[in-house]
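Dear colleague,

I am passing on the structure we spoke about, and below it I have set out what I found when going through it. Please read the notes with the coordinates open beside you.

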Amino acid sequence: MSQTITIDPVTRLEGHGKVTIQLNDQGEVTDAHFHVTQVRGFERFSEGRPFYEMPSLMARICGICPVSHLIASAKACEAIMSVRIPHTAAQLRRMLNLAQMVQSHALSFFYLSSPDLILGMEADPKVRNILGVAAAKPELGRAGIGLRRFGQHIIELLGNKRIHPGWVVPGGVTEPLAQAKRDEILAMIPEAYANLGLGIGWYKQVAENFKPEIDVFANFPSLYMGLINEDESIEFTDGALRLIDAQGNTIDEGITASKYNEVIGEAVEPYSYTKFAYYKPLGYPDGSYRVGPLARLNIVKSMGTPKAEKELAEFKQLANGPVESSFYYHHARLVEMLYGIEKIEQILSDPLILDKHVRATAGVNRLEGSGQAEAPRGTLNHHYRVDENGKMTWANLVIATGQNNNAMNKGVAQAAKHYIKDGKFSEGILNRVEAVVRTFDPCLSCSTHAYGQMPLILTLVSSQGEVVDQVVRG
Amino acid sequence: MKSTRARCLLLACGNTLRGDDGIGPWLADWAEERFADEPGLHVISRQQWTPELAADLAEASAVLFVDCSTSSQAGSVELIEVHPAQRTEGVGTHQVSAAELLGLAQELYGSPPRKALLLTIGAGSTELSEEFSQAVLDTIPLACEQLQSAVEKMLACC
C-alpha cells in the first residue's frame, strides 16, 4: 500500500514549511518534497509606492535579515537614480551587512542546530532547544548569545534600531558614524573572537561524530553561486556573482545585478509557494544551484582576512573540489562569522570611515534597476520598474531560499531514502529529515517566526486516505 | 558589549501597534522618565523577549518584567513573583517567557537576579491599533503606582 508521510510544520526554521515523503507499496521512499506553505506578496503590494520607500518597505520582509533586503533594495533604487554612493557609505553598509551575517549565523548555528549537535539527533525533543544547550554546554550557550548580541548591537549602533533600521537609504546612509560608536564596536571585537573560537574549536571536535549524517545530508554534486571580488575573495555587499560547476570550474562570472535576470530563471512547482531558481543556459532542473555559506566558500579562492584565510584552507581540505555535503553549511557558517568579525575590524580602521559625506542624491534617471547582495542564507536580488514619476510599476525578488529550493528538496529525499526502511520511522529519523533543511537555514516566511510551541505531526496516510500511523510532538 | 550594571532592570514587552499590547513599552517610557535621575535602574523595552536578554538579567540584582496579559481581566493589575523555569519543551528563539529567561540566566551565567517580579496589565483588546482600550486607560494610574513602588523597593533592597 503506498503511503505519504507528512512533517508539518518543520521546526527550528525561520518560518513555516512542511515535508511530505512518498512511500511505495514496499514501504520504500520514492520521492520527498519540502513545501513552503506561506504566500509573501511583497512584490504585488509595492506596486504604486514611490521607489524611494522600497528599502524600508522591503526590510519588513524579514526580522532576521532585514539588512540584506535594505541593501539590495537601496542598490536597485540607486540603479534607477544612476548614482554611485560615497566610499564611506559603502563601507558602513558593508559593516552593517556583516554584523547581520554574524548575528544570523549565530542564531542558526548556536540556537537552531546546536541542540542536534550537542544533545544528539535522537535526544528527547523536550531538551532539544536553547535551554537544553544551556544546561549541557553553558559555555557554548554563552558564546552563541554573545555573538548574537555582538551583531545586533552593531546594527543598533549604526542604524539606531536592532531590527528594521531605516539608516540605509537610496544614495547611501542617513548619518555618518560617530567616533564614540566606532570605539564601542572596536571594544567588542576581542570578546567576539573569543566566543567564536569556542564555537569553532568545539565544532571541529564533534563534526566527525556525524559522519553518517554528513554522508546523506544533501550530499550530491551541484552548481554553486555567490558574490566575489575581482581578486577572487569573498564579498557580501558589492562585487559580482560567480557560478561554478560540480567540479569547481567557473561556468559564468561577472554577473552583475542587471545581468542577473538574463541568466537566472525561476521555475514553479505545484507543491510550494517558493519558486525554484536555475541557471538559464542549463535549463530547469539541471541548472539548479546552491547559494549561502557552503556555496560562497566553494566559489572563492580567498577570504581576504588572515584568520578566516587559515580556516578556509582547512575547509578546502574537506574535499578534492567543491565540498558537497550540506552538513558542512555549519562549518562554513563558522568560517564566515570569523571573516565578518575580522572584516568589521578592518573597516573600522579605514581612515575615511568617520567621513561626513555618506549620501548621494538624484531623481529618476532610469525606469528599471536591480540590486544584489549576499544575505546570510545566500544571494538576494531585487529588480524594480518605475514610471517617470518614480512610482513602482513592477517588482521581483529572488531570495536565497528559492535558490536553494531544489537542493533542499533533493536533500530531503536523499535523507528520507537512507533512513526510512519498510515504511518505518522514529522521532529521531523525523528530526534528521528536518535537520537536512536546517543546514540550509532557510528563511521561509521572512516575517513570522516561531518554533517549538507549534505541534509537529508526522502522519502515514494510505493510498485510500486512511491514517495508518501518526507521531505527534508538541 | 555595553553592560547593564543595573541594580534593577525593568524589562518591558509589547507591540505599540497592537492596542493594549503596547502598555509594556508605554510603562517602560514612563519609568525611564520617572526615574531619569536614578542610575541604578536600567530600562529595556522589546517587542518580544529573546534569549539574548538572559545576559542582561545576569548582570542585574533585581528585575521587574512588565507585560500585558490576555488571560487576566481587562484593566486588572497584577504583581507576582517569578521563578526560573526548568528546562521545558518548546522554548523558542524568538520569544521566551519571564520564567524561561530567568532559567536561561541561571543555566548560562549562574547568577539570576535575586528578586524577580512580573507586573501584568489585563488587555481589553490587542487588535491593530495605536490606542489603548478604555479599561487599560482607566488603570494606567494604578499600574504606574504599582510599578513605582516595586522599583523603589527593589532599588532599596538590592
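In this predicted model, helix 4 of chain B has 24 residues, which at 1.5 Å a residue should span 34 Å, and the 35 Å between its end C-alpha atoms agrees with that expectation. The helix is nevertheless bent, by about 45° at B:Ile140, and a proline, B:Pro141, follows within four residues. Its buried residues are B:Val136, B:Thr139, B:Ala143, B:Gln146, B:Leu147, B:Ala150, B:Val151 and B:Met154, and among the elements that cover them are helix 1 (23-34), strand 1 (8-13) and strand 3 (62-69) of chain B. B:Gln148, which also belongs to helix 4 of chain B, counts as partly exposed because it has 14 C-beta neighbours inside 10 Å, where 20 or more would be needed for a buried residue. The C-alpha atom of B:Gln148 is separated by 9.8 Å from that of B:Trp30, although the two residues are 118 apart along the chain.

One of the buried residues of that helix, B:Val151, is touched by B:Leu10, whose other contacts, leaving aside residues up to four places away in sequence, are B:Ala28, B:Ala31, B:Leu41, B:Val43, B:Leu64 and B:Val66. B:Leu10 is also, together with B:Leu64 and A:Val412, one of the residues that touch the most other members of the largest nonpolar core, which has 186 residues. The largest share of this core, 16 residues, is supplied by helix 4 (residues 87-119) of chain A.

Helix 4 of chain A can be checked in the same manner: its 33 residues should span 48 Å at 1.5 Å a residue, and its end C-alpha atoms are 46 Å apart, which agrees. A bend of about 60° occurs at A:Ser113, with a proline, A:Pro115, following within four residues, and just after the helix A:Gly120 takes a positive phi of about 100°. Of the 33 residues in helix 4 of chain A, 30 are buried, so the helix is largely enclosed by the rest of the structure.

Turning to the sheets of chain A, strands 12, 13 and 14 form an open sheet in the order 12-13-14, with antiparallel pairing. Strand 12 (368-375) and strand 14 (392-398) of chain A are at its edges, and each has a single partner strand, so that one side of each is left without a neighbour in the sheet. Neighbouring strands here are turned by 15° against each other on average, direction ignored. Strand 12 and strand 13 (residues 378-386) of chain A are joined by eight bridges, and A:Ala375 has A:Gly378 as its bridge partner in strand 13. Across these two strands lies helix 3 (residues 66-81) of chain A, running at about 155° to strand 12 of chain A.

A further open sheet of chain A has four strands in the order 8-7-6-11, and its pairing is mixed. Strand 7 (residues 240-244) and strand 8 of chain A run antiparallel and are joined by four bridges, with A:Glu253 in strand 8 as the bridge partner of A:Arg242.

Finally, strand 9 (residues 264-267) and strand 10 of chain A are antiparallel and joined by four bridges, and A:Gly265 stands opposite A:Tyr278 in strand 10. From strand 10 (residues 276-279) of chain A, A:Phe276 and A:Tyr278 point one way and A:Ala277 and A:Tyr279 the other way, yet all are buried.

With best regards

Note on methods: Residues numbered from 1 in each chain as written. Chains lettered and ligands numbered in written order. Predicted model: local features only at pLDDT ≥ 70, side-chain atom pairs only at ≥ 80, totals over all residues. Core = buried A, V, L, I, M, F, W, Y, C linked by C-beta atoms within 7 Å. Buried ≥ 20, exposed ≤ 12 C-beta atoms within 10 Å, placed from the backbone. Contact = placed C-beta atoms within 7 Å. Expected span 1.5 Å × (residues − 1). Bend = angle between axes of the 7 residues up to and from the residue. Pairing = 2+ DSSP bridges. Axes fitted to C-alpha atoms, helices over the stretch in contact; angles between N-to-C directions.
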